Amino acid sequence: MPHSPVVIGVDSSTQSTKALFVDATDGRTLAVGRSPHRVDGSAGARETDPEQWWQALREAVAMGLKESGVPASAVTGIAVAAQQHGLVALGRDRRPLRPALLWNDTRSAAQAAALVAALGGPRAWTDPTGSVPVAAVTAAKWRWLCENEPSTAARCTAVRLPHDFLTERLTGVAVTDPGDASGTGWYSTATAAYDPELLQLLRLAPELLPTVAPTGGTRVGTLTTGAADALGLPSTVVVAAGTGDNMSAAVGLGLGGAGLLDHPVLSLGTSGTVFAATRARPATPALSGFAATDGSHLPLACTLNCTLAVDRVATLLGLDRDDAEPGGEAVLLPYLDGERTPDLPAASGLLTGLRHTTTPRQLLGAAYEGAAVTVLRALDEVLRACGLDPASPAVAERPLRLIGGGAQGRSWVETVRRLSGRPVILPTGTEVVAVGAAALAASAVLGTDPVALARAWGAGTGPELPPLERDLATWERVGSVIESATPALFGPGGVTDPGSG
Ligand SMILES: Nc1ncnc2c1ncn2[C@@H]1O[C@H](COP(=O)(O)OP(=O)(O)O)[C@@H](O)[C@H]1O
Ligand SMILES: O=C(CO)[C@@H](O)[C@H](O)COP(=O)(O)O
């Protein structure tokens, strides 16, 4: 009997690649293949060889095929969602000239500040792009490459984001989507096209860039013979344009034009992000005003230090992840990688409020609190960007959808509930970025709306935990330390503009 059609949603995130095999008829997860990658670098550098992502994609697909027992002939579509912003510089042979500069590489902070000044301040950037450049933004990374490795920049014949690089490996087609493009700093969310004035300022030739597909669910082509051989899949498999990981999570949760708008999400991974899909184009210096991949928008704030940083504190203390209790007087800002929100690229971890009575478990709890308050402080701004009044009781009761690896952890869930005072939904689909990519793939195969499809699949629904009484004392204690964490405290490299996102 023929197998029902299967689509593969790929999440190529900072730490690993996941390939989710989904039954396209009902959204059932059949298997998930996984393969880790390495992030190299110290003193602000964060790099990964893009060939590692390609290798990991191959391994994750092979694992998924084996575990699902699905015949390769049943696979009809694939799409890639990946970590945002990373700069992939390719040479004439379409191979990387150097490792990718990742979203959490802070060496480009000075270039970001110079770009803001060159255009006349934050508003001059939010008007076209929706966002103010910070070290994470690809435009700042391109300028860093030009200034620090000019011969590599001169040899560069193509500039790609992580998901574009992988989509091109699959199809041979140079294509991106509006969602991931909106994190580059050279794409205008106002005109839905690359901005020629910004490209000129960046000294980036438009020929180096991929074309922008109308949506992440656009059919780009089919697998090349080489990619089909490498993946063990038929060359008839349809490839969709794909998108950035946060945009894909929105699709997987059923948020967007054909789904729920203005419902907040908190993602707990290497980065902490808070965002919502909304109708109006965001343009405030306090947030990244991204495009979603389906024509709606995605106001978002992102921190550099979330699960990985807290896990590191647990390791330093010799404790298990969940061996934590509320921090008491201790405040720990786990800014081990510098920080993006607030914009403190030269920051390091900060501990204050230590007493003779402070226990290691409280210190770990303080790290959870520091990371959680840092990202949750942007939630009200996200709600305002959705046209909502955060102070209104109906908005305050709106549940927060918790996703990312951290949503699997008891301490993360309890810390977020205690500090937000909101109901929390734990979606049943634990790999919502990959679910979103699978919905984009299915959309390219079937011609349906990806958000509507993902809603029907139901991955965004799950148990709703009731609100806990809000721990305002901790919220305010941690918040006041964040307010005092100025660039001057962390030495050179800090940026004085409070714009973040
Ligand atoms: N059961 C768990 N409890 C707490 N944290 C977890 C758990 N499982 C995974 N994680 C965290 O999830 C993170 C990976 O999540 P993921 O969303 O895949 O990250 P990324 O997208 O940045 O690669 C790890 O840093 C790990 O700390
Ligand atoms: O830079 C951002 C968002 O602007 C990050 O959210 C990256 O997209 C990386 O995500 P994770 O690997 O942490 O999921």
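**Notebook: helix packing, domains and ligand shells**

Helix 11 and helix 12 turn out to be roughly antiparallel to each other, and therefore I began my notes with this pair. I should say at once that I am working from a predicted model.

**Helix 11 against helix 12**

I looked up the geometry behind that label. Helix 11 covers residues 307–317 and helix 12 covers residues 360–376. They pack at an angle of about 170°, and their axes are 9 Å apart. Angles over 145 degrees count as roughly antiparallel, so the label follows.

Next I went through the contact residues. Helix 11 brings Ala309, Val310, Val313, Ala314 and Leu317. Opposite them, helix 12 offers Pro360, Leu363, Leu364, Ala367, Tyr368 and Ala371. What classes do the residues in the contact of helix 11 with helix 12 fall into? I get 11 nonpolar residues, no polar ones and no charged ones.

**Helix 12 against helix 15**

I then followed helix 12 to another partner, helix 15, which is made of residues 410–420. Here the axes come within 10 Å and cross at roughly 55°. That makes helix 12 and helix 15 oblique to each other. I noted the hand as well: helix 12 passes helix 15 in a right-handed crossing.

From helix 12, the residues in this contact are Tyr368, Glu369, Ala372, Val373 and Leu376. Helix 15 answers with Ser411, Trp412, Thr415, Val416, Leu419 and Ser420. I split this contact by class into 7 nonpolar, 3 polar and 1 charged. Tyr368 caught my eye, since it is listed in the contact with helix 11 and also in the contact with helix 15.

**Domains**

I stepped back to see how the protein is divided. Domain 1 is 1–84 + 161–177 + 215–253, domain 2 is 89–160 + 179–212, and domain 3 is 257–426 + 471–501. I checked domain 2 against domain 3 and found their C-alpha centres 26 Å apart. Their contact takes 19 residues from domain 2 and 24 residues from domain 3.

Which elements give two or more residues to the domain 2 side of that contact? I find helix 2 (109–119) and helix 3 (122–129). By class, the domain 2 side has 9 nonpolar, 9 polar and 1 charged.

**Ligand shells**

I took ligand 1 next and found 16 residues around it. The closest are Ser13, Gly269, Thr270, Gly405 and Gly409. Helix 11 came up again here, giving 3 residues, the largest share of the shell. Domain 1 and domain 3 each supply at least three residues to this shell. My class tally for it is 2 nonpolar, 12 polar and 2 charged.

Around ligand 2 I get 17 residues, with Thr14, Gln84, Gly269, Thr270 and Ser271 the closest. This shell has 3 nonpolar, 13 polar and 1 charged. I see Gly269 and Thr270 on the closest list for ligand 1 and on that for ligand 2.

**Backbone oddities**

I finished with two backbone checks. Most residues other than glycine have a negative phi, and most peptide bonds are trans. Which peptide bond is cis? I found the one from Thr341 to Pro342, with omega near 0°. Pro342 is in the loop between strand 20 (331–333) and strand 21 (350–352).

His85 is my other entry: it is not a glycine, yet its phi is positive, about 75°. I place His85 in the loop between strand 5 (75–82) and strand 6 (88–90).

Technical notes
Residues are numbered from 1 along each chain as its sequence is written. Chains are lettered from A and ligands numbered from 1 in the order in which they are written. This is a predicted model: local features need pLDDT of at least 70, side-chain atom pairs count only at pLDDT 80 or more; totals for chains, interfaces and linings use all residues. Domain bounds come from an automatic or database domain assignment. Two residues are in contact if their C-beta atoms, placed from the backbone, lie within 7 Å. Helices (H or I, at least four residues) and strands (E, at least two) are DSSP runs, numbered from the N terminus. Ala, Val, Leu, Ile, Met, Phe, Trp, Tyr, Cys and Pro count as nonpolar, Asp, Glu, Lys and Arg as charged, and the others, Gly among them, as polar. Axes are lines fitted to C-alpha atoms, for helices over the stretch in contact, and angles run from 0 to 180 degrees between N-to-C directions. Angles under 35 degrees count as roughly parallel, over 145 as roughly antiparallel, 65 to 115 as roughly perpendicular and the rest as oblique. A crossing is left-handed if the near helix is turned anticlockwise from the far one by less than a right angle, and right-handed if clockwise. A residue is near a molecule or strand if its C-beta atom, placed from the backbone, lies within 6 Å of it.
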